[in-house]
Amino acid sequence: MRFETVITNGMVVTERGIEAVDIALNDGQIAALFSHGTPFESAEIIDAAGQYVIPGAIDIHFHCRAPAYPERGDFATETRAAAAGGVTTIFEMPISKPCCATGDIFRARKALGEANAYVNFALYGAPGLLDRDEIADMVAEGAIAWKIFMTGAPAGRNDEFEGLCLPSVDGLYQAMKLVAETGLVCTVHPEDNVLLEWHTAQLKAANRNDIFAHGESRPPHVEALAIATLLTLNESVGMNLHIAHLSSKEALEVFRRFKRTGSTASAETCPHYLFFTEEDLGRVGPYAKINPPLRKQADVEALWGGLHDDTLMAVTTDHSPFTVEEKERARTDIWRTPPGAPGVEELVLGMMDAALTGRLPLEKAVRLISTNGAKRFGIYPHKGTIAVGADADIVLYDPQQTTTISPDMLFSQAKACDKLYEGRTFQGNVRRTIVGGKTVFVDGQVIGEPGWGKFVRPVAANVDKGF
């Protein structure tokens with residue numbers, strides 16, 4: 001048989017382990033796997049000698065916010081960055097202008113992504129309008145999952161968060177019941193709004209507006225209490241619950257207690273909680289303002305433990321682009337700058353570095369950034385694996401090189417805000433990113449085109465509830 005493309009001589013990471021196989025691609029899918037040296041015919045041959053070949057990363061928590069603030073980033077700029085980072089599918093959160101809380105807004109965002117995305121994309125919906133018909137409309141359109149904030153909308157950004165923020169327990173409970181009817185995953189940002197507002201008021205009353213005040217306004221118990229509330233409610237509701245960006249030892253221990261008594265909820269963490277601490281606020285200032293905030297070294301070690309024992313099932317970026325001007329406001333007043341930082345270009349680098357330096361098994365690193373997310377959200381086995389019949393979303397990673405982050409190598413519109421990672425060196429290098437059988441990024445250059453990325457919808461029957 002003649003193939004369109006064959007990737008030869010690589011160390012291929014499959015769900016069976018690391019295999020010496022060649023990968024044949026046809027029509028955007030993996031057509032065959034065969035041993036090195038097997039004769040074949042192909043229009044294109046990609047020699048991956050000395051490189052790991054892994055399924056493309058799936059960033060299950062991502063923001064470009066289009067259409068909202070193009071100066072921060074949009075589907076084109078931020079999916080170019082994803083491609084450069086070895087991420088072949090992004091799950092875009094519903095923060096947009098207006099918030100993605102109705103079927104009509106969902107369709108408009110989908111059309112925007114289809115026209116501009118360089119990599120595959122899925123869309124979250126916001127269920128907080130508590131409208132069953134709108135929820136059903138978004139399901140029909142292919143919503144990958146739901147998103148809820150347990151906090152109030154940021155000042156001046158109500159239109160971006162309408163239908164997304166449910167700071168009162170009664171509203172949260174109603175939304176959970178409606179979402180449970182769909183069977184889809186609901187990702188929740190867990191911070192207790194009452195405590196958060198109280199801590200913030202106390203700090204402001206003391207005239208605190210320094211960089212460290214932000215973290216003090218959201219201590220670990222704010223996160224832990226919200227998770228306990230969520231999991232308690234869910235014992236009667238039975239929603240398909242996923243905890244966003246778990247950041248602290250205290251929250252992890254609460255989550256573990258509920259898992260021991262039978263909770264089927266899942267949880268993720270982010271690279272910035274694994275690689276940085278609150279001390280980095282002193283190093284990069286407002287560019288490290290993130291919700292939840294960066295924690296202490298003990299929290300970092302606890303989160304790595306949660307990855308090792310499978311309490312945490314995914315590592316995802318919460319990629320959040322902003323402008324330098326917006327971030328610099330906090331030099332004199334931390335409350336004036338929005339929270340969030342870019343990070344999609346460091347997801348694969350960070351987790352592959354952890355594997356290559358012995359912190360995690362390589363196969364586990366791949367599961368955490370690709371396979372587990374695909375299974376959890378119902379897009380496996382089309383995504384998240386290298387197997388015959390899977391989509392040809394593939395990354396070639398060279399373990400012999402190193403990558404040192406500098407703004408001039410990045411593709412995000414917010415690259416000047418990527419101060420947390422600037423100067424950090426990772427073992428390895430993303431050499432090539434293939435999306436749907438086409439090379440989108442190779443050797444430092446994005447060569448794909450807007451619109452190459454495809455809209456991804458879940459197969460509800462495939463949503464894994466067993467994490």
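How many helices and strands are there in the protein chain? Counting along this predicted model, you will find 15 helices and 19 strands. With those elements in mind, let us look at the chain as a whole. Its radius of gyration is 21 Å, close to the 23 Å that the globule rule gives for 467 residues, so the chain is as compact as a globular protein of that length. If you draw a box around the C-alpha atoms along the principal axes, that box comes to roughly 70 × 45 × 45 Å.

Next, consider what is inside and what is outside. Of the 467 residues in the protein chain, 62% are buried. The accessible surface of the chain adds up to about 16,600 Å², and carbon and sulfur atoms own 50% of that surface. The contacts tell us about the path of the chain too: among contacts with a separation of 6 or more, 77% join residues that are 24 or more positions apart.

A single residue can make this picture easier to follow, and Val53 is a good place to stop. You can find Val53 in strand 7, which covers residues 52-55. Is Val53 buried or exposed? Its relative accessibility is 0%, and buried means under 20%, so Val53 counts as buried. Setting aside neighbours within four places in sequence, Val53 is in contact with residues from several parts of the numbering, including Ile7, Val13, Ile23, Ala48, Ile386 and Leu396. For another reference point, try Arg359: 306 residues separate Val53 from Arg359 in sequence, and their C-alpha atoms are 20 Å apart in space.

Now move to Glu253, which belongs to helix 9, residues 249-260. Glu253 has a relative accessibility of 35%, which lies between the 20% limit for buried and the 50% limit for exposed, so Glu253 counts as partly exposed. From Glu253 to Ala302 is a step of 49 residues in sequence, while the distance in space is 9.1 Å, C-alpha to C-alpha.

Our last stop is the largest pocket, whose volume is about 900 Å³. It is lined by 40 residues, and those closest to its centre are Pro154, Ala155, Arg218, Asn291 and Pro339. Which helix gives the largest share of this lining? That is helix 6, with 5 residues. Both helix 6 (193-205) and strand 11 (145-149) supply at least two residues each. As for character, the lining of the largest pocket is a mixture of 13 nonpolar, 15 polar and 12 charged residues.

Conventions. Residues are numbered from 1 along each chain as its sequence is written. This is a predicted model: local features need pLDDT of at least 70, side-chain atom pairs count only at pLDDT 80 or more; totals for chains, interfaces and linings use all residues. Side-chain values use heavy atoms; hydrogens and water are left out. On a 1 Å grid over the protein atoms alone, a cavity is a set of points where a 1.4 Å probe fits but cannot get out, and a pocket is an open set with protein on both sides within 12 Å along at least five of seven lines; lining residues have an atom within 4 Å of a point. Grid points are joined across faces, edges and corners, and a volume is the space filled by probe spheres set on the points. Helices (H or I, at least four residues) and strands (E, at least two) are DSSP runs, numbered from the N terminus. Ala, Val, Leu, Ile, Met, Phe, Trp, Tyr, Cys and Pro count as nonpolar, Asp, Glu, Lys and Arg as charged, and the others, Gly among them, as polar. The radius of gyration is taken over C-alpha atoms; the globule rule is 2.2 Å times the number of residues to the power 0.38. Buried means under 20% relative accessible area, exposed over 50%, partly exposed in between (1.4 Å probe, protein chains only). Contact means heavy atoms within 4.5 Å. Accessible areas come from the Shrake-Rupley method with a 1.4 Å probe; for residues, only the protein chains shown count as cover.
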